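Biologist: Please take a close look at one part of this model for me, the place where charged side chains are linked with one another, and set it in the context of the whole chain. I am in my first year, so please explain each term when you use it.

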Amino acid sequence: IIPIRDIMKEKQYFKSCLSLSLWTICGIFSIFGLIPYLAFGANENVKKGGGMITLALNQSNWIVQGTELSFVLALIPSFALMIYVPVKIWEKALYGDWQRSWKRTWLKNLWRTLAVAGIAYLAVTTGKTFDKVMAIFGSLFGGPLTFIWPAIFHLILMAETTAERVQDYFLICFGFLSSSFTLYLTM
């Protein structure tokens, strides 16, 4: 978020732009979570499919197959977005003092390749328990990344009023509680 704010021409609109973006995304996710629940309810077939509606549907139907294929195709480009920030942090730690050169560029490319290969290896070796592994990673890293770190950054960089500070502390506590709770459910 901070790099986006730094490159904005009119920084005074950052708060409203960020708030509008987050509320829009929350609304879209809520609608997409609510529609299947309203359509299928607490259906036993959905529970048998591991909680995924597409697994509970007729797998020979071309519409179901197309839906699953589009889900996979949507995940492929989003992987680059998910891995971008961690790889950039590691690259800065590994190659921060190096001057730009051919060697530095190819070592960075090698590092990116090894990072993707490592994640692919993890996915293949954990096989059927990959969802558990990802749930543990989500609990340990997703919760803090979603709730705790943004609230800490906002608290340090932008919080001006007591109400903003209280909201930040609430998000930090909520992040710790939700991460602990989801980790407990996963284990």
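Modeller: What follows starts with the whole chain, moves to the charged groups, and ends with a patch on the surface.

This is a predicted model, in which local features need pLDDT of at least 70 and side-chain atom pairs count only at pLDDT 80 or more, while totals for chains, interfaces and linings use all residues. Residues are numbered from 1 along each chain as its sequence is written, and side-chain values use heavy atoms, with hydrogens and water left out.

The protein chain has eight helices and zero strands, where helices (H or I, at least four residues) and strands (E, at least two) are DSSP runs numbered from the N terminus. Of its 187 residues, 16% are buried, a word that stands for under 20% relative accessible area, with exposed meaning over 50% and partly exposed in between (1.4 Å probe, protein chains only).

The structure holds four salt bridges, each being a side-chain nitrogen of Lys or Arg within 4 Å of a carboxyl oxygen of Asp or Glu. As background, side chains of opposite charge can pair when their charged atoms come close.

The part you asked about is a network of salt bridges that links Lys88, Glu91, Lys108 and Arg112. Within this network, Lys88 forms a salt bridge with Glu91, and their closest N and O atoms are 3.9 Å apart. Because Lys88 and Glu91 are three residues apart in helix H5 (residues 62–95), they are separated by about one helical turn. Lys88 counts as partly exposed, with 32% relative accessibility, whereas Glu91 has 3% and counts as buried. Glu91 also meets the side chain of Lys108 in a salt bridge, at 3.8 Å from N to O. Since Lys108 lies in helix H6 and Glu91 in helix H5, this pair ties together parts that are 17 residues apart in sequence. Both Lys108 and Glu91 are buried.

Arg104 is also found in helix H6, which covers residues 102–126. Arg104 is buried yet has no salt bridge, and the nearest side chain of opposite charge, Glu91, is 6.8 Å away; here Lys and Arg count as positive and Asp and Glu as negative, while His and the chain ends are not counted. A polar atom of the Arg104 side chain does lie 3.5 Å from the backbone oxygen of Tyr95. When neighbours within four places in sequence are left aside, Arg104 is in contact (heavy atoms within 4.5 Å) with Tyr95, Trp98 and Gln99.

Another of the salt bridges joins the side chains of Lys15 and Glu164, at 2.8 Å from N to O. Lys15 lies in helix H2 and Glu164 in helix H8 (residues 162–186), so this pair ties together parts that are 149 residues apart in sequence. Lys15 counts as partly exposed at 34% relative accessibility, and Glu164 counts as buried at 16%.

Helix H2, residues 14–40, is also the place of Leu22, which is partly exposed at 45% relative accessibility. Leu22 forms a nonpolar patch on the surface together with Ile25, Ile28, Phe29, Ile31, Phe32 and Ile35.

Terms used
Polar contact = N/O pair within 3.5 Å; in protein donor to acceptor, adjacent residues only side chain to side chain. Patch = residues over 30% accessible without salt bridge, like charges linked within 9 Å, V, L, I, M, F, W, Y side chains within 5 Å. Areas by Shrake-Rupley, 256 points an atom, 1.4 Å probe, with all protein chains shown as cover.
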